[in-house]
Amino acid sequence: MSQDVTNCPRCQRRTPAARGDCIYCGEQLPLASIQSAPPQRNIDPAEHAFNTVLEPFPARINESFVTALASALHIELSEATALVDARKPVPLARSQTRAEAEMIAELVRTCGLRAAVIPDAEMKLGQDLLRARRIAISDDELRVYHSGGEMTLIKAEISLLVLGELRNVRVDYTEGIGRRRGQSGNVLDTSEFRSEETLLDVYAESVDRGVRIKADAFDYSGLVAPLSFRSELNFRAALALLRAALPHANFDEDFAKMRGLLGRAWPERSRNEPRGIRRTLAFRPIARASVVSDNRDQFDRYSRLAFLSAKRVQT
């Protein structure tokens with residue numbers, strides 16, 4: 001029997017060992033070693049899951065390690081090389097059970113590399129960072145004004161700044177409705193809308209003490225003088241000032257180049273939004289709908305992973 005398949009202790013049916021529980025009766029399977037990672041399943045962001053994360057390797061990487069990783073994950077050698085060369089924590093898989101995530105982590109370790117399992121709960125994704133509306137800097141603190149009031153952050157507390165960019169794409173389409181029931185019509189018209197938004201997450205010692213700056217919804221008067229008419233120029237000036245005021249804080253600006261690697265475990269999300277049915281002047285019914293996609297969940301996870309990694313380094 002393949003090491004990737006085991007007999008369920010309850011129903012005795014053969015089931016993939018890497019799942020962690022039986023696909024037939026749900027019984028928890030005994031821990032086993034696997035030779036290859038199971039296919040990545042599309043798990044809803046709202047579900048509680050477990051992330052297998054490739055950790056940076058402190059020494060020079062042997063090429064055989066990378067080849068073994070590519071074989072274990074069923075990916076191209078170039079992708080495995082990019083994962084290792086990132087030199088930072090990268091998610092490899094998101095699993096429904098801890099047992100499955102631990103088996104994938106152990107598989108990565110057999111390749112000569114390092115891996116850890118981080119539950120979604122530890123990342124506190126259900127807890128949003130406070131939205132900063134305005135920030136004023138003094139000698140040793142930042143005064144953050146937000147919708148619920150204000151908060152003071154001591155400069156020495158701030159450990160990490162994470163720069164990101166949210167991309168939103170909406171495709172609207174109109175479709176004719178067939179005369180017969182169940183018959184689909186032709187797409188009559190489509191239009192696409194794109195938008196991008198720059199973000200900066202600022203972390204102190206906990207998520208409770210973190211804030212998010214949205215470039216297009218922030219009052220720069222406390223940081224930038226003179227102000228520009230263009231928000232992107234104000235944001236760059238504010239970012240430069242914050243980095244100068246917080247020289248001890250780590251600055252992570254790699255999200256843009258990491259997006260391709262993050263997509264394996266944390267893909268960009270899309271959803272369908274029906275917009276109703278109407279009749280044309282010729283009294284023919286048409287259906288309108290939109291397909292909306294964005295990478296907000298992906299950036300939120302990347303930001304929290306960077307924060308957790310920074311905390312581990314500090315301790």
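1. Of the protein's 315 residues, 43% count as buried (under 20% relative accessible area, with a 1.4 Å probe and protein chains only). The model is predicted: local features need pLDDT of at least 70, side-chain atom pairs count only at pLDDT 80 or more, and totals for chains, interfaces and linings use all residues. Residues are numbered from 1 along each chain as its sequence is written, and side-chain values use heavy atoms, leaving out hydrogens and water.

2. The protein has seven helices and 14 strands. These are DSSP runs numbered from the N terminus: helices are H or I with at least four residues, strands are E with at least two. The C-alpha trace spans about 70 × 70 × 35 Å along its principal axes.

3. One open sheet has three strands, in the order S4-S3-S5, with antiparallel pairing (two strands pair if DSSP finds at least two bridges between them). Strands S4 (90-95) and S5 (114-119) are the edges, each pairing on one side only. Neighbouring strands are turned by 25 degrees against each other on average, direction ignored (axes are lines fitted to C-alpha atoms).

4. Strand S3 (residues 50-55) pairs with S4 over five bridges, in the antiparallel sense. Thr-52 has Ala-93 in S4 as its bridge partner. Helix H3 (residues 98-110) packs on the sheet and touches S3, S4 and S5 (contact means heavy atoms within 4.5 Å). The direction of H3 makes about 165 degrees with that of S5; such angles run from 0 to 180 degrees between N-to-C directions, with helix axes fitted over the stretch in contact.

5. Of the contacts in the protein with a separation of 6 or more, 64% come from residues 24 or more positions apart.

How values were computed. Buried < 20%, exposed > 50% of the residue type's maximum accessible area, 1.4 Å probe, protein only.
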